[in-house]
Amino acid sequence: MPSTVVHLALAGLLAAGLLGDAFDKRSLAVILGVTILPDLDVFAGFFIAGGHRSVLHTFLIPLVAAGVVYADSRREPSWLRERWGARGLRVAWVSILAFAVAGIGLDLFTAGANVFYPVHDQFYRVSGELIYSTNRGIVQTFVDFSTSNPDPIAIGSSQEVHINSGIDPNPGREPPEVDRVFPVAQSGWQLLLIVTSLIVIWGRLRETRKV
């Protein structure tokens with residue numbers, strides 16, 4: 001399960017690669033701040049069953065945000081363009097992408113997320129592999145279409161799934177001796193992603209100071 005640090009690392013790479021001339025400390029802070037938002041629904045779990053990875057992990061949020069930004073960009077005068085210029089629009093679009101990909105996507109492809117909540121209350125998890133075999137050709141195991149299960153990547157509703165965290169390790173009341181774990185990197189690829197992101201961001205910030 002990726003930590004918040006891993007989410008931020010991926011968002012940092014998206015910002016460094018897509019912001020172009022709009023990349024600086026302020027725009028980076030906006031992207032990273034937006035990326036943290038989905039993880040705040042960990043507190044929703046205290047009030048809503050299965051609220052963690054549901055309330056703010058829904059793709060409905062970036063879809064609505066994208067619709068608003070697109071509508072604003074098409075009208076004259078554009079509020080974003082008038083207030084922050086073309087830079088504002090670029091930061092807005094990259095923020096939405098970071099929310100969807102770094103904030104929600106990483107969870108969808110690991111422990112799972114309730115990505116259509118509250119319209120459709122079902123946690124999904126996408127995992128598997130995509131390979132080319134000389135005997136079998138191209139093989140993917142992310143979604144097994146050969147089964148009779150109508151939702152082959154579904155893992156349960158908010159009433160059935162609890163995603164543990166350091167804030168809310170177990171459903172219900174926690175025992176006094178509960179071990180609260182707040183991970184940073186839980187695998188080699190996560191640590192590599194964090195280190196790579198730090199290097200890339202550092203390099204891009206140095207470039208902005210030279211301009």
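Angles between helix axes under 35 degrees count as roughly parallel, over 145 as roughly antiparallel, 65 to 115 as roughly perpendicular and the rest as oblique. This is a predicted model, where local features need pLDDT of at least 70, side-chain atom pairs count only at pLDDT 80 or more, and totals for chains, interfaces and linings use all residues. Residues are numbered from 1 along each chain as its sequence is written, and side-chain values use heavy atoms, without hydrogens and water.

**View 1. Helices H3 and H4 pack together.** H3 spans residues 60-74 and H4 residues 79-108. Their axes lie 10 Å apart, at an angle of about 160°. The two helices are therefore roughly antiparallel.

**View 2. H3 meets H4 (contact: heavy atoms within 4.5 Å).** From H3 come Ile 61, Pro 62, Ala 65, Ala 66, Val 69, Tyr 70, Asp 72 and Ser 73. Residues they meet in H4 include Trp 79, Leu 89, Trp 93 and Phe 99. By class, the contact has 15 nonpolar, one polar and two charged residues.

**View 3. Trp 79 and Trp 84 form an aromatic pair (ring centres within 6.5 Å, using the six-membered ring of Trp).** It is one of two such pairs in the whole structure. The pair is edge-to-face (planes over 60 degrees apart). The centres are 5.4 Å apart, with 90° between the planes. Trp 79 is partly exposed (from 20% to 50% relative accessible area, 1.4 Å probe, protein chains only), at 44%. Trp 84 is also partly exposed, at 45%.

**View 4. Phe 116 and Tyr 124 form an aromatic pair.** This pair is edge-to-face: 6.2 Å centre to centre, 80° between the planes. Phe 116 is partly exposed, with a relative accessible area of 38%. Tyr 124 is buried (under 20%), at 9%.

Note on methods:
Axes are lines fitted to C-alpha atoms, for helices over the stretch in contact, and angles run from 0 to 180 degrees between N-to-C directions. Helices (H or I, at least four residues) and strands (E, at least two) are DSSP runs, numbered from the N terminus. Ala, Val, Leu, Ile, Met, Phe, Trp, Tyr, Cys and Pro count as nonpolar, Asp, Glu, Lys and Arg as charged, and the others, Gly among them, as polar. Rings of Phe, Tyr and Trp (its six-membered ring) pair if their centres lie within 6.5 Å; planes under 30 degrees apart count as stacked, over 60 as edge-to-face and the rest as tilted.
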